[in-house]
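This report looks at how some helices pack against one another and at the spaces enclosed between elements of the fold. Please keep the sequence and the structure in view while reading.

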Amino acid sequence: MVPVKGSASAKSRLSALPETFPARGELAEAFALDTVAALLAAEMVQEVFVVTADPAAAAPLKALGAQIVPEVPHTSASDAGTGACVATRDPLNAAIAEGIRVAHEQYPLCSVAVLTGDLPALTVADVESTLTAATAHDLAMVADEEGTGTTTLLARAGITLTPRFGPGSRAAHETAGHVPLDLPATASIRRDVDTVDNLAEVLRRGVGAHTSALIARSQQVPGPEGR
């Protein structure tokens, strides 16, 4: 299950990119496409759900083969009787919880993995090794390279998974019982992209086809006839 914000609000910390790079919204879309493509190619993955409120972001992900779960406004318990929608303080985790609910309805006997949608260097091999390692635990997680965040949250079939993504999410997920998987520090599934430095690092290592093509298009130098 992959939550995707959409281009309008995605990756605000990439706003300082050089002019030769694509817009941050385009990058966020490419990151999500590469993340989902790696998941779809993994034999251990039965289905990929994408939760998003952005139809423009949903269309190419659906074309890849993901199942789209529309993100719904979060309603507080006090307002549920009136039907009035209030802004949640935690829209990301509310969206993830909705995706998990739909996944459980369709595949009640399957384990669940939640991945952030900003893993453009993700490889099929790292997806498979992560899912294999997670089978040893009821609840597991993958910490980001910095060691304070979470890129992947996993639960065996029948085990309740409550997402706690956000600042300090590794500690929050560990407290909730998720065991950090012992993966290499440079495993592709640990390198999310939040900053310009993160982007530079994944480009050095190698990214998926969508991000690679987008970067290449943006940095093409016009020939004399195009000047």
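In which sense, left-handed or right-handed, does α1 cross α2? In this predicted model, α1 passes α2 in a right-handed crossing.

**Helix packing around α1**

Helix α1 spans residues 24–40 and helix α2 residues 55–64, and their axes come within 10 Å of each other while crossing at roughly 25°. Because an angle under 35 degrees counts as roughly parallel, α1 is described as roughly parallel to α2. On the α1 side the contact is formed by E29, A32, L33, V36, A37 and L40, which meet A56, P60, L61 and L64 of α2. Sorted by class, this contact of α1 with α2 holds nine nonpolar residues and one charged residue, with no polar ones.

Helix α1 also packs on helix α7, residues 209–218, and here the angle is about 150° with the axes 7 Å apart. Since an angle over 145 degrees counts as roughly antiparallel, α1 is roughly antiparallel to α7. The residues that α1 brings to this contact are E26, L27, A30, F31, L33, D34 and A37, and those they meet in α7 are A209, H210, T211, L214 and I215. By class, the contact of α1 with α7 comprises eight nonpolar, two polar and two charged residues. L33 and A37 of α1 are listed in the contact with α2, and L33 and A37 are listed again in the contact with α7.

**The cavity and a pocket**

The count of cavities of 30 Å³ or more comes to one, and the largest cavity holds about 30 Å³ of space. Its lining is made up of L39, A113, L115, V127, T130, L131, T152, L154 and I189. The elements that give two or more residues to this lining are β4 (112–115), α4 (124–134) and β6 (150–155), and α4 gives the most, with three residues.

The second largest pocket encloses about 500 Å³. It is lined by 27 residues, of which M44, S111, V112, A113 and L131 are the closest to its centre. Elements giving two or more residues to the lining of this pocket are α3 (91–106), β4, α4, β5 (139–143) and β6. A113 and L131 thus appear in the lining of the largest cavity and also among the residues closest to the centre of the second largest pocket.

The two linings are set out by residue class below.

| Space | Nonpolar | Polar | Charged |
|---|---|---|---|
| Largest cavity | seven residues | two residues | no residues |
| Second largest pocket | 19 residues | five residues | three residues |

Key: Residues are numbered from 1 along each chain as its sequence is written. This is a predicted model: local features need pLDDT of at least 70, side-chain atom pairs count only at pLDDT 80 or more; totals for chains, interfaces and linings use all residues. Side-chain values use heavy atoms; hydrogens and water are left out. On a 1 Å grid over the protein atoms alone, a cavity is a set of points where a 1.4 Å probe fits but cannot get out, and a pocket is an open set with protein on both sides within 12 Å along at least five of seven lines; lining residues have an atom within 4 Å of a point. Grid points are joined across faces, edges and corners, and a volume is the space filled by probe spheres set on the points. Helices (H or I, at least four residues) and strands (E, at least two) are DSSP runs, numbered from the N terminus. Ala, Val, Leu, Ile, Met, Phe, Trp, Tyr, Cys and Pro count as nonpolar, Asp, Glu, Lys and Arg as charged, and the others, Gly among them, as polar. Axes are lines fitted to C-alpha atoms, for helices over the stretch in contact, and angles run from 0 to 180 degrees between N-to-C directions. Angles under 35 degrees count as roughly parallel, over 145 as roughly antiparallel, 65 to 115 as roughly perpendicular and the rest as oblique. A crossing is left-handed if the near helix is turned anticlockwise from the far one by less than a right angle, and right-handed if clockwise. Contact means heavy atoms within 4.5 Å.
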